[in-house]
Structures are given as C-alpha cells and as structure tokens.
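Work through the following exercises with the sequence and the model side by side. Each task is followed by a solution that goes step by step.

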Amino acid sequence: MNKAELINAIAAESGLSKADSKKALEAFVSSVTNALKGGDKVSLVGFGTFAVSERAERTGINPSTKQAITIPAKKVAKFKAGAELSEAVE
C-alpha cells in the first residue's frame, strides 16, 4: 500500500474527505517525526511504539575493494509492533 492508497483507505474508514484524510496523515507523520527528533518515543496502545535507537560504530568491508572501513555511529528510527497488531497479522 502506498501513500495514495492509504489516504483512500483512511477516507473510506473514517468518512472524511480525501483532502482531510491527507492532512490527517501528514499531521500524524509530522508529529511522530518531531517527537522522535526531540528524543521522545511515541506509543500507540495496541498498535505499536516508535522510538529512536543508537547504532554503535562498527567495522565493515567495502565490497568493491575488499578493504575494511569504519561505519560511523548513527541514530535510527525503529518501530515495535504492539500485541494486538501482532495477533492481527498472524
């Protein structure tokens, strides 16, 4: 499902117009992004949790030259599905 299909599904489920559904989806994505940037985590009971995790610096191999390289540390966004969502997709 892509963004346009998700907007159509939200509109069908909620009874909102497609324009309002698009605004709602964009507001949700923006709010989650801003919370994660601020170091917070976002928990939606029954759905899941969005959080930021730190990945440590590590050594990798450049596939073209076969030389060892250092991959720098970075922060990554993660999503952990909640129990209800996990049960629904089984």
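**Exercise 1. Identify the members of the aromatic cluster and describe the ring pairs around F50.**

Solution. F28, F47, F50 and F79 make up one aromatic cluster, and the structure has three aromatic pairs. Rings of Phe, Tyr and Trp (its six-membered ring) are paired if their centres lie within 6.5 Å, and the planes count as stacked under 30 degrees apart, as edge-to-face over 60 and as tilted for the rest.

This is a predicted model, in which local features need pLDDT of at least 70 and side-chain atom pairs count only at pLDDT 80 or more, while totals for chains, interfaces and linings use all residues. Residues are numbered from 1 along each chain as its sequence is written, and side-chain values use heavy atoms, with hydrogens and water left out.

Step 1: take F28 and F50, whose rings are edge-to-face, at 6.3 Å centre to centre with 70° between the planes. This pair links distant parts of the chain, since F28 belongs to helix α2 and F50 to strand β2, 22 residues apart; helices (H or I, at least four residues) and strands (E, at least two) are DSSP runs, numbered from the N terminus.

Step 2: compare accessibility, where buried means under 20% relative accessible area, exposed over 50% and partly exposed in between (1.4 Å probe, protein chains only). F50 is buried at 18%, whereas F28 is partly exposed at 36%.

Step 3: turn to F50 and F79, whose ring centres are 4.8 Å apart with planes at 45°, so this pair is tilted. Because F50 lies in strand β2 and F79 in strand β5, the pair ties together parts 29 residues apart in sequence. F79 is partly exposed, with a relative accessibility of 38%.

**Exercise 2. Which residues form the largest nonpolar core, and which element gives the most to this core?**

Solution. Step 1: a nonpolar core is a set of buried Ala, Val, Leu, Ile, Met, Phe, Trp, Tyr and Cys residues joined through side-chain atoms within 4.5 Å. The largest has five residues, namely V32, A35, L36, V42 and F50, and α2 gives the most, with three residues.

Step 2: list the contacts of F50 (heavy atoms within 4.5 Å). Not counting residues up to four places away in sequence, F50 touches F28, V32, L36, K41, V42, L44, K78 and F79.

**Exercise 3. Give the strand order of the open sheet and place α2 against the sheet.**

Solution. Step 1: the three strands have the order β1-β2-β5 with antiparallel pairing, where two strands pair if DSSP finds at least two bridges between them. The edge strands, each pairing on one side only, are β1 (42–44) and β5 (74–81).

Step 2: strand β2 (residues 48–55) is joined to β5 by eight bridges, and R55 stands opposite K74 in β5.

Step 3: α2 packs on the sheet, touching β1, β2 and β5, and its direction makes about 40° with that of β2. Axes here are lines fitted to C-alpha atoms, for helices over the stretch in contact, and angles run from 0 to 180 degrees between N-to-C directions.

**Exercise 4. Where in the chain do the partners of the salt bridge lie?**

Solution. Under the criterion of a Lys or Arg side-chain nitrogen within 4 Å of a carboxyl oxygen of Asp or Glu, the count is one salt bridge. E26 and K3 meet in a salt bridge at 3.5 Å, N to O, with E26 in helix α2 (residues 18–37) and K3 in helix α1 (residues 3–14), 23 residues apart.

Key:
Contact = heavy atoms within 4.5 Å.
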